[in-house]
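Colleague: Could you take me through the ligand site in this one, piece by piece? I would like to know what surrounds the ligand and how the protein meets it.

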Amino acid sequence: MRRSVVAGMGRYLPERIVTNAELAGRIDTSDEWIRERSGITQRHIAADGEFTSDLATHAARQALAAAGMAPDDIGLIVVATSTPDETFPATATVVQSKLGCTNDSMGFDVQAVCSGFVFALATADNFIKTGQVDTALVIGAETFSRILDWNDRGTCVLFGDGAGAMVLKAGEGEGTSEDRGVLSTHLHSDGNLHDLLYVDGGPSSTGEVGVLRMEGREVFRHAVSKMSAVVVEALEATGLKAEDVNWFVPHQANKRIIDGTARKLGVGAERVVVTIDVHANTSAASIPLALSVAVDDARIKQGDLVLIEAMGGGLTWGSGILRW
Ligand code: UT7
């Protein structure tokens with residue numbers, strides 16, 4: 001059975017770090033409130049003239065180097081983002097050009113907000129499994145700082161900019177949960193919950209980019225229940241148990257959501273990868289950023305079972321199980 005095996009990870013964070021204290025000097029908030037309610041201590045913010053495609057390209061180069069591959073070895077580039085450089089073309093095609101690809105491979109964006117990386121991974125995995133491509137670059141990249149209302153303390157303190165990238169390549173497995181590669185992906189959305197988390201503009205509605213609007217408390221309520229349910233769905237589909245999971249790498253939206261979900265699933269804190277403290281919520285970039293950190297510090301090793309999950313605007317939510 002064809003499997004999509006992880007061949008390399010990469011990440012990039014903009015140089016500029018904005019601390020909670022700096023935000024408290026600008027708006028009515030405090031370091032204490034942000035830490036206690038979200039677990040965030042700082043976020044990275046892209047420089048003027050630094051675009052989502054730049055962040056994505058840095059992360060992609062690192063992932064390609066880790067995989068020992070050249071840009072032209074890649075058959076598919078999927079960028080998960082809600083903050084594309086331009087309305088069109090897809091940021092993936094900009095990245096393709098910035099990487100120097102000349103092989104006419106395919107590139108497109110996936111838009112599922114904070115669940116974007118899980119949706120992009122599922123997309124690339126299916127292209128590989130059907131044999132349409134042998135290799136894929138899956139990137140989550142965001143400059144959410146560009147779509148925040150910096151006067152809305154309920155949202156602007158929560159987000160940051162960054163990018164993470166994963167190289168996948170086709171491998172052969174036995175069709176069991178012992179195989180290396182992507183073992184499952186489960187995706188869902190419910191457009192009736194639009195008003196809980198959206199951007200109040202766009203090319204076809206206002207003609208403006210708009211800013212993020214969120215009913216934080218309501219989103220929080222849905223987050224733990226939906227993400228736990230989609231993880232249970234994944235475990236049942238693969239015949240695995242929570243105790244089989246070596247590393248739980250959730251979307252990084254709020255430390256309390258991460259803790260609540262891990263507790264509900266019975267995954268001990270020592271097996272949870274947390275980066276929200278230093279990255280904040282980087283939307284589609286948060287999972288590949290966290291994966292890259294945990295690979296580099298040698299927590300995630302070949303053969304480990306890794307569980308990812310996310311929920312975002314739409315609402316959209318999903319999970320994935322990978323054997324590294
Ligand atoms: O990745 C996409 C999905 N997004 C999420 O998963 C985010 C989900 N939601 C959350 O993480 C949390 O709901 C928040 C962190 C957004 C808020 O935490 P909360 O415990 O739900 O607080 P709250 O919204 O109930 O607000 C509590 C109080 C309010 O004051 P009153 O009405 O009690 O007087 C807010 O006005 O905190 C106030 N508040 C703030 N105070 C200081 C809201 N934002 C701030 C702030 N600084 N930045």
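Modeller: Happy to, and let's start with the helix that gives the most to the shell around the ligand: that is H7, with four residues. Please keep in mind that this is a predicted model. H7 spans 216–238, and it is joined by helix H2 (31–38), helix H6 (153–156) and helix H8 (255–265), each of these four helices supplying at least two residues of the shell. Seen by domain, the shell draws at least three residues from domain 1 (2–172) and at least three from domain 2 (181–323).

Now for the residues themselves. The ligand is surrounded by 22 residues, and the closest are Thr29, Arg153, Arg217, Asn254 and Asn281. By class, the shell holds 11 nonpolar residues, six polar ones and five charged ones.

Next come the individual polar contacts, which you may want to look at atom by atom. A nitrogen atom of the ligand lies 3.0 Å from a backbone N or O atom of Gly216. Two arginine side chains approach ligand oxygen: an N or O atom in the side chain of Arg37 is 2.8 Å from an oxygen atom of the ligand, and for the side chain of Arg256 the corresponding distance to a ligand oxygen is 2.9 Å. As for burial, the ligand taken alone exposes 960 Å², and the protein buries 75% of that. If you are listing the pockets, look for the ligand in the second largest one.

While you have the model open, a few backbone details deserve a look too. In general, most residues other than glycine have a negative phi, and most peptide bonds are trans. Ala280 has a positive phi of about 60°, although it is not a glycine. You will find Ala280 in the loop between helix H9 (276–279) and helix H10 (286–296).

There are also cis peptide bonds to check. One runs from Phe88 to Pro89, with omega near 0°, and Pro89 has its place in the loop between strand E4 (76–80) and helix H4 (91–99). Another runs from Gly314 to Leu315, with omega near -10°; here Leu315 is in the loop that links strand E12 (305–312) and strand E13 (316–323).

To come back to your request: the ligand has residues from both domain 1 and domain 2 in its shell, polar contacts at Gly216, Arg37 and Arg256, and 75% of its exposed area buried by the protein.

Key:
Residues numbered from 1 in each chain as written. Predicted model: local features only at pLDDT ≥ 70, side-chain atom pairs only at ≥ 80, totals over all residues. Heavy atoms only, no water. Near = heavy atom within 4 Å. Polar contact = N/O pair within 3.5 Å; in protein donor to acceptor, adjacent residues only side chain to side chain. Areas by Shrake-Rupley, 256 points an atom, 1.4 Å probe, with all protein chains shown as cover. 1 Å grid on protein atoms, 1.4 Å probe; cavity = no way out; pocket = protein on both sides within 12 Å on 5 of 7 lines; lining within 4 Å. Sits in = over half its atoms within 2 Å of the grid points. Nonpolar A, V, L, I, M, F, W, Y, C, P; charged D, E, K, R; others polar. Domains from an automatic or database assignment.
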